[in-house]
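The following paragraphs lead through a protein model with its ligands, beginning with polar contacts and ending with the nonpolar core. The reader is invited to keep the sequence and the coordinates in view throughout.

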Amino acid sequence: MKILVTGGAGFIGSNFIYHMLSEHPDYDIVCLDALTYAGNLHTLEPALKNSRFKFVKGDITDRNAVFELFKNEKFDTVVNFAAESHVDRSINDPAIFLSTNVMGTQVLLDACREFGVSRFHQISTDEVYGDLPLDRPDLFFTEETPIHASSPYSASKAGADLLVLAYYRTYGLPVTVSRCSNNYGPYHFPEKLIPLIIVNLLHDKPIPVYGTGENIRDWLYVEDHCKAVDLVIHKGTPGEVYNIGGHNEMKNIDVVKLVISELGKSEDLITYVKDRAGHDKRYAIDPTKIHRELGWSPEVKFKDGIKKTVQWYLDNREWWEDLISGEYINYYEKMYKNR
Ligand code: NAD
Ligand code: DAU
């Protein structure tokens, strides 16, 4: 079995590569990644020592390069993690989100058709469903919830999902789609809430909380997501969508306070800042389908996952200290100064 993992130098893709190399000792894995600001080859250094793993630098929107790779490698399965993934960046500059997330997905789908790949799996997000009101805790996203994206990022992911499912209906391409809630864990780029809190606290810098901090996200440890994707690509039914989430809803402000207490820092560092435009209020996944049909359940409790994550950032300072120099400083200034 040979699997192409796109976007494998990013947060979830790299965790998925490590999961697959350890769980499937007979599989070959190729990672295609453009190494954007979010991709980091250091993350894959241990994998690069494995003879069953190969890294190829390339852009999923580059049709010629993608077709050449498919022709040479003859993949059985393609798992598409490659994306522009940060909502705030999509608000400032939507164009690259459409190019990578929609057009890049189309190139991969075309290559799968051309070279007879037996499964294309699209890594999607719960954000395609829009948001839920804060005063209706009885409501959850199911696979039947209408697509109702709020940000340019989620609209681009929704567009890709529709395209993937259209290739199933029109061409019979064997596809699956999974829509996961917010992940956290090792190798998470420090522009996202949890690693940003950890990194700022370790520098005794303010923690910018958008709006009132009452918005709710449904957090899942990244390894649990990887296990779910592994199940879907092996046992999921072509043409189907699977929601992934562990019923772990938290207000942003409570996440911030938990990490502060893990690191023994002061809540005085909490700073309320101007809200994100179009900020989704609450995400909450109903994972009944993947539990019932594929037997998946999350294994890591949030309080344990947060401890492990904080410890990982303490133990791997060189990984993130590199990332928060250079371009990240400009990004942070632009995003947070005078906010
Ligand atoms: P990330 O930003 O950490 O990583 C994205 C990776 O894709 C990077 O390595 C980057 O270099 C690569 N990439 C970007 N554009 C590319 C292109 N044109 N060609 C090839 N590679 C390219 O993202 P992540 O958080 O790991 O998310 C991975 C996927 O999971 C995305 O599709 C995202 O929408 C989805 N998702 C993320 C979360 C989450 O909480 N992070 C939750 C649900 C779904
Ligand atoms: O739900 C899945 C999605 O989760 C993925 O599809 C996205 O790729 C991923 O980035 C994530 O999106 P969010 O917008 O939920 O994640 P983020 O870490 O950017 O923000 C989490 C919450 O924290 C959100 O309500 C905004 C808030 N926030 C974020 C940052 C970066 C703050 O209050 N302050 C911040 O500085």
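A polar contact is here a pair of N or O atoms within 3.5 Å. The model is predicted, and the distances below are to be read as computed from it.

By that criterion, ligand 2 is held in view first through D126, where an N or O atom of the side chain lies 2.5 Å from an oxygen atom of the ligand. Y336 likewise places a polar side-chain atom 2.7 Å from an oxygen atom of ligand 2. With Y210 the partner is a polar backbone atom, 2.8 Å from an oxygen atom of ligand 2. The protein buries 94% of the 690 Å² that ligand 2 exposes when taken alone. Two elements, helix 7 (193-202) and strand 8 (207-210), give two or more residues to the surrounding shell; strand 8 contributes the largest share, three residues. In total, 23 residues surround ligand 2, and the closest are T125, D126, Y153, R276 and H279. By class, this shell comprises 10 nonpolar, seven polar and six charged residues.

Attention now turns to ligand 1. The side chain of D33 has an N or O atom 2.6 Å from an oxygen atom of this ligand. Backbone atoms take part as well: a polar one of N183 is 2.9 Å from an oxygen atom of ligand 1, and a polar one of A34 is 3.1 Å from a nitrogen atom of ligand 1. On its own, ligand 1 has 830 Å² of accessible area, of which the protein covers 96%. There are 28 residues around ligand 1, with I12, D33, S85, Y153 and K157 coming nearest. Y153 is thus listed among the closest residues for ligand 2 and among the nearest for ligand 1. Helix 1 (11-23), strand 5 (119-125) and helix 6 (152-171) each supply at least two residues of the shell around ligand 1, and the largest share, three residues, comes from strand 5. The shell divides into 13 nonpolar, 12 polar and three charged residues.

Nonpolar side chains tend to be buried together in soluble globular proteins. In this model the largest nonpolar core has 39 residues, and I194, I198, L201, V259 and F302 have the most contacts inside it. Among the elements that give two or more residues to this core are helix 7, strand 8, helix 9 (252-263) and helix 11 (302-315). Helix 7 gives the most, seven residues. Apart from its neighbours within four places in sequence, V259 is in contact with I197, I198, L201, I306 and V310. Helix 7 and strand 8 therefore appear both in the shell around ligand 2 and in this core, under the element assignment by DSSP runs.

Methods: Residues are numbered from 1 along each chain as its sequence is written. Chains are lettered from A and ligands numbered from 1 in the order in which they are written. This is a predicted model: local features need pLDDT of at least 70, side-chain atom pairs count only at pLDDT 80 or more; totals for chains, interfaces and linings use all residues. Side-chain values use heavy atoms; hydrogens and water are left out. A residue is near a molecule or strand if one of its heavy atoms lies within 4 Å of it. A polar contact is a pair of N or O atoms within 3.5 Å; within protein, one must be able to donate a hydrogen and the other to accept it, and residues adjacent in sequence count only if both atoms are side-chain atoms. Accessible areas come from the Shrake-Rupley method with a 1.4 Å probe; for residues, only the protein chains shown count as cover. Helices (H or I, at least four residues) and strands (E, at least two) are DSSP runs, numbered from the N terminus. Ala, Val, Leu, Ile, Met, Phe, Trp, Tyr, Cys and Pro count as nonpolar, Asp, Glu, Lys and Arg as charged, and the others, Gly among them, as polar. A nonpolar core is a set of buried Ala, Val, Leu, Ile, Met, Phe, Trp, Tyr and Cys residues joined through side-chain atoms within 4.5 Å. Buried means under 20% relative accessible area, exposed over 50%, partly exposed in between (1.4 Å probe, protein chains only). Contact means heavy atoms within 4.5 Å.
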